[in-house]
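Welcome to this tour! Please open your viewer and get ready to select residues as we go.

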Amino acid sequence: MGIGFDIGFGVFEVLFVVVFVIVLGTFLVTAVKGIGTWNKNNHSPRLTVSAVVVTKRTEVSHMTHANAGDPTGAHGFHTTSSSRYFVTFEVESGDRMEFSIDGAEYGMLAEGDRGYLSFQGTRYLSFERGNKDG
C-alpha cells in the first residue's frame, strides 16, 4: 500500500513541476515579446499619413469569479467583462493597418472617416479628420 502511495505522489510531483514550468515559461515568453514590441515601437519613427477608417471591431472577454471572501463559490459568483477596441485604417498605398485604441476614441470614429493617421510602429497615436483639399 505504501508503494502505491509513493508512486502516485511521485507522479503528482512530476505533473505539478511540468505544469508550473509550462505556466512560468508562457508568462516569460509573453513578457519578453511585450517588451520587444514596446522597444521596437519606441525606436520606430512617428509617421503621419493620409488614411480612411475601413472597419471597427470590439473584442469582449468575460471572467467569472467567486464572490469576495468565498474561494469555493458556495455563496455565488459574479462575472466581469472587459472590452478591447480595434480600428482598421487604409492608407493611400492600399495597405491596411489595425490598431488597438481606447474606447472613447473608438466611439468618435466612424467607418469612412478620412483624415490623418499618426502611428509609431504598431502603436496608434491619433487620427485627425480632414483632407488635403480643405
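Which ring does the charged end of Arg57 sit over? Select Arg57 together with Phe86: the charged end of Arg57 sits over the ring of Phe86, 4.1 Å from the centre of that ring. Keep in mind during the tour that this is a predicted model. Now select Lys56 and Tyr106. Here the charged end of Lys56 sits over the ring of Tyr106, and the distance to the ring centre is 4.2 Å.

**Stop two: the sheet**

Switch to a cartoon view and look for the strands. Five of them form an open sheet, in the order S3-S2-S1-S4-S5, with antiparallel pairing. Strands of a sheet pair through backbone hydrogen bonds. Colour strand S3 (96-101) and strand S5 (123-129): these two stand at the edges with a single partner strand each, so one side of each has no neighbour in the sheet. Rotate the view a little, and look at how neighbouring strands are turned against each other, by 35° on average when direction is ignored.

Next, select strand S1 (residues 46-66) and strand S4 (residues 114-120). These antiparallel strands are joined by seven bridges. To find one place where two residues face each other, pick Val52, which stands opposite Arg114 in S4.

**Stop three: the core**

Which residues touch the most other members of the largest nonpolar core? Select Phe89, Leu117, Tyr124 and Phe127, for these are the ones, in a core of 13 residues. Strands S1, S2 (77-91), S3, S4 and S5 each supply at least two residues of this core, and S2 gives the most, with three.

Stay with Phe127 and show what surrounds it. Leaving aside neighbours within four places in sequence, Phe127 is in contact with ten residues you can pick out, among them Ala51, Val53, Leu109 and Gly115.

**Stop four: the aromatic rings**

The structure holds seven aromatic pairs. Select Phe89 and Phe127: their ring centres are 5.3 Å apart and their planes are at 35°, so this pair is tilted. Phe89 lies in strand S2 and Phe127 in strand S5, so the pair ties together parts that are 38 residues apart in sequence. Are these two residues buried or exposed? Both Phe89 and Phe127 are buried.

Move on to Phe99 and Tyr124, another tilted pair, with 6.1 Å from centre to centre and 50° between the planes. Phe99 is in strand S3 and Tyr124 in strand S5, 25 residues apart, and both are buried.

For the last view, select Phe89, Phe99, Phe119, Tyr124 and Phe127 together: they form one aromatic cluster.

Key. Residues are numbered from 1 along each chain as its sequence is written. This is a predicted model: local features need pLDDT of at least 70, side-chain atom pairs count only at pLDDT 80 or more; totals for chains, interfaces and linings use all residues. Side-chain values use heavy atoms; hydrogens and water are left out. Two strands pair if DSSP finds at least two bridges between them. Helices (H or I, at least four residues) and strands (E, at least two) are DSSP runs, numbered from the N terminus. Axes are lines fitted to C-alpha atoms, for helices over the stretch in contact, and angles run from 0 to 180 degrees between N-to-C directions. A nonpolar core is a set of buried Ala, Val, Leu, Ile, Met, Phe, Trp, Tyr and Cys residues joined through side-chain atoms within 4.5 Å. Buried means under 20% relative accessible area, exposed over 50%, partly exposed in between (1.4 Å probe, protein chains only). Contact means heavy atoms within 4.5 Å. Rings of Phe, Tyr and Trp (its six-membered ring) pair if their centres lie within 6.5 Å; planes under 30 degrees apart count as stacked, over 60 as edge-to-face and the rest as tilted. A charge sits over a ring if NZ of Lys or CZ of Arg is within 6 Å of the ring centre and within 35 degrees of the ring normal.
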